[in-house]
Amino acid sequence: MTIKVCVAGATGWAGSALSKGIYQTEDLEMAGAVSRTHKGKTLQDVIGLDGCDLIISGSVGPDALAGCHVMVDYTAPEIAKQNILTALDAGVHVVVGTSGLTDEDYADIHTKALEKKRGVLAVGNFALTVVLLHKFAEMAAKYIPQWEIMDYAHDAKKDAPSGTAREMAHRLSKIRPSRLTIPLDQTQGVRETRGADMTGSQVHSVRLPGYTLSLEIIFGMPDQKLTLRHDAGSSAQPYVDGSLLAIRRVHTFTGLRRGLDQVMDLDEK
Ligand SMILES: NC(=O)c1ccc[n+]([C@@H]2O[C@H](COP(=O)([O-])OP(=O)(O)OC[C@H]3O[C@@H](n4cnc5c(N)ncnc54)[C@H](OP(=O)(O)O)[C@@H]3O)[C@@H](O)[C@H]2O)c1
């Protein structure tokens with residue numbers, strides 16, 4: 001069966017690369033595309049998809065979703081939740097690439113997905129190397145009780161922390177909270193310099209020119225420390241490969257799942 005896909009944010013950096021990836025894949029079909037500024041134009045005109053006369057819609061609604069099995073969101077945090085709930089109401093499974101949604105947003109999305117008996121797969125970072133980073137950090141957190149998360153990105157990134165850092169903190173919270181030797185409220189000096197407490201992890205976001213997107217988890221023990229670090233490159237291809245996998249698998253469950261590993265077989269044999 002061909003899976004028909006709507007990409008919200010089809011003209012953006014990640015969404016246009018994904019739309020090209022879907023267009024070149026035999027088992028998937030571009031059936032909807034959304035961008036406010038390019039409403040009414042074709043994907044061929046806007047992102048150069050040769051022979052693709054799909055008309056871009058201005059919002060996620062009945063036109064964009066008509067006949068679609070899966071909606072992928074690569075837009076912006078201020079609109080993503082509304083897009084996701086609209087797609088679920090229309091009976092469409094959802095893959096979420098957009099970062100910036102909170103744990104509370106995801107709780108609402110999970111409730112709606114269960115009600116509509118549809119799957120939602122939200123992935124803070126679709127790159128395989130990040131999926132492995134999450135796994136390795138979860139292993140380390142079982143043995144090392146104290147860690148902090150460093151989130152680095154370019155100065156134009158609006159959301160903080162990144163989706164990758166949020167997902168990391170969320171996943172580590174399922175293992176345990178990081179132990180603090182000095183409780184935060186006993187900090188002498190400027191409390192904010194200790195970062196933000198996100199479900200039991202201290203997260204520090206740096207936004208400066210010169211960075212792309214990097215994440216470090218520093219695990220500390222007396223007289224030793226372990227640093228796990230991921231550095232993203234400049235192309236969107238790693239996100240495309242992971243998104244295509246998510247599109248193919250999101251129909252296999254109902255409710256919300258977070259992390260690409262949820263639909264991969266990464267268990268050690
Ligand atoms: N999970 C991952 O692995 C991963 C990887 C890459 C990026 N991301 C995340 O994906 C999101 C998009 O990133 P990007 O770099 O592709 O951004 P971008 O280049 O700015 O593209 C955003 C796209 O969304 C559309 N859009 C924005 N606001 C909209 C709205 N209110 N209604 C409808 N469409 C809207 C834009 O078109 P118009 O402005 O014309 O509407 C554009 O097509 C970000 O949250 C980013 O952090 C996640």
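## Around the ligand

Sort the shell around the ligand by class and you get ten nonpolar, 15 polar and one charged residues. This is a predicted model, so treat what follows as a tour of a prediction. In total, 26 residues surround the ligand, and the closest are G9, G12, A14, R36 and T37. Which element gives the most to this shell? That would be helix α1 (residues 13-23), with three residues.

## The six-stranded sheet

Now for the first of two sheets. Six strands line up as β2-β1-β3-β4-β5-β11 in an open sheet, and the pairing is parallel. At the edges sit β2 (28-34) and β11, each of which pairs on one side only. Going from one strand to the next, the twist averages 20°.

Helix α1, already met at the ligand, turns up here again: it packs on the sheet and touches β1 (3-8), β2 and β3. The direction of α1 makes about 150° with that of β2.

Further along, strand β3 (residues 70-73) runs parallel to β4, and four bridges join the two. Across this pairing, V72 stands opposite V95 in β4.

## A look at β5

Strand β5 (residues 119-122) is worth a stop. Side chains in a regular strand alternate between the two faces of the sheet. In β5, G119 and L121 point one way while V120 and A122 point the other way, and all are buried.

What are the partners of β5? On the one hand there is strand β4 (residues 93-96), which pairs with β5 in the parallel sense over three bridges. Here V94 stands opposite V120 in β5. To get from β4 to β5, the chain passes through helix α5 (residues 103-116), and this β-α-β crossover is right-handed. The other partner is strand β11 (residues 255-258), also paired with β5 in the parallel sense, over four bridges. In that pairing, G119 has G255 of β11 as its bridge partner.

## The five-stranded sheet

The second sheet is open too, with five strands in the order β7-β8-β6-β9-β10, but the pairing here is mixed. Why is one side of β7 (196-198) and of β10 left without a neighbour in the sheet? Both stand at the edges and have a single partner strand each, so there is nothing in the sheet on the other side. Ignoring direction, neighbouring strands of this sheet are turned by 25° against each other on average.

This sheet has a helix packed on it as well: α6 (residues 128-143), which touches β6 (147-153), β9 and β10. The direction of α6 makes about 165° with that of β10.

## The hairpin of β9 and β10

Strands β9 (residues 213-221) and β10 (residues 224-231) pair in the antiparallel sense over eight bridges. Among the bridge partners, E216 goes with R229 in β10, and L215 goes with H230 in β10. Two residues lie between the strands of this hairpin, and D223 takes a positive phi near 65° there.

## Q237, far along the chain from L18

One last residue to find is Q237, which belongs to helix α8 (residues 237-249). Is Q237 buried or exposed? Q237 counts as exposed, because it has 12 other C-beta atoms within 10 Å, and 12 or fewer is the cut-off for that label. Along the chain, Q237 and L18 are 219 residues apart, yet their C-alpha atoms are separated by 8.1 Å.

Terms used
Residues are numbered from 1 along each chain as its sequence is written. This is a predicted model: local features need pLDDT of at least 70, side-chain atom pairs count only at pLDDT 80 or more; totals for chains, interfaces and linings use all residues. A residue is near a molecule or strand if its C-beta atom, placed from the backbone, lies within 6 Å of it. Ala, Val, Leu, Ile, Met, Phe, Trp, Tyr, Cys and Pro count as nonpolar, Asp, Glu, Lys and Arg as charged, and the others, Gly among them, as polar. A residue is buried if 20 or more other C-beta atoms lie within 10 Å of its own, exposed if 12 or fewer, and partly exposed in between; C-beta atoms are placed from the backbone. Two strands pair if DSSP finds at least two bridges between them. A crossover is right-handed if, with the strands pointing away from the viewer, the path from the first strand over the helix to the second runs clockwise. Axes are lines fitted to C-alpha atoms, for helices over the stretch in contact, and angles run from 0 to 180 degrees between N-to-C directions. Two residues are in contact if their C-beta atoms, placed from the backbone, lie within 7 Å.
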